[in-house]
Amino acid sequence: MYGVLILAINNLKVKLMKTSMKLIDHGTGGGVDTLHMIDAEVPVPGPEQVLIEVNYAGVNRPDLLQRSGSYPPPPGASPYLGLEVSG
C-alpha cells in the first residue's frame with residue numbers, strides 16, 4: 001500500500017503513485033475531537049497542476065482556524081489540513 005513502483009520507459013523514469021492515501025479529516029470543523037484519520041483516493045491533477053507524494057505536512061495557524069470552521073481554504077486549495085507540504 002505504501003510502496004511505489006518506478007518504471008524505466010525509453011530512459012525516462014516514471015513513478016507510479018498509489019491510488020489511496022491516509023489523511024486527517026476535520027469534518028465540518030470544531031475541536032480536536034473532530035480529527036479522524038481516513039483513507040481517501042489520491043487526487044488526479046488537472047491541467048497545469050502537479051501531484052506530489054507528501055512526506056511531511058506543516059500545520060499552522062490557518063490550518064487551526066480552518067479546523068475550527070472559521071477560515072475556509074483558499075480557492076482551488078485542498079480542503080484538508082496541512083497546506084504546507086514537503087514531498
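Confidence in this chain bottoms out in strand 1 (residues 5-9), with a mean pLDDT of 51, and peaks in strand 4 (residues 36-41), at 91. Keep in mind that you're looking at a predicted model. Taken over the chain, the mean pLDDT is 78, and 80% of the residues reach 70 or more.

Let's start with the shaky end. Over residues 1-7, pLDDT stays under 50, although the model does give this stretch 19 contacts beyond four places in sequence. Low pLDDT is a reason not to read predicted coordinates in detail.

Now hop over to strand 4, where confidence is highest. Here there's a charged pair to look at: the side chain of Asp39 forms a salt bridge with that of Lys22, at 2.8 Å from N to O. The two partners sit 17 residues apart, Asp39 in strand 4 and Lys22 in strand 3 (residues 20-25), so the pair ties together distant parts of the chain. Opposite charges on side chains can pair up when the charged atoms come close. Don't go hunting for another one, though: the count comes to one salt bridge. As for Lys22, its relative accessibility is 40%, so it counts as partly exposed.

Carry on past strand 4 and you reach the loop that leads to strand 5 (56-58), which is where Glu48 is found. Take a look at its backbone: phi of Glu48 is near 60 degrees, a positive value in a residue that isn't glycine. Is Glu48 buried or exposed? At 86% relative accessibility, Glu48 counts as exposed.

Note on methods:
Residues numbered from 1 in each chain as written. Heavy atoms only, no water. pLDDT = per-residue confidence, 0-100. Helix = DSSP H or I, 4+ residues; strand = E, 2+ residues; numbered from the N terminus. Contact = heavy atoms within 4.5 Å. Buried < 20%, exposed > 50% of the residue type's maximum accessible area, 1.4 Å probe, protein only. Salt bridge = Lys/Arg side-chain N within 4 Å of Asp/Glu carboxyl O.
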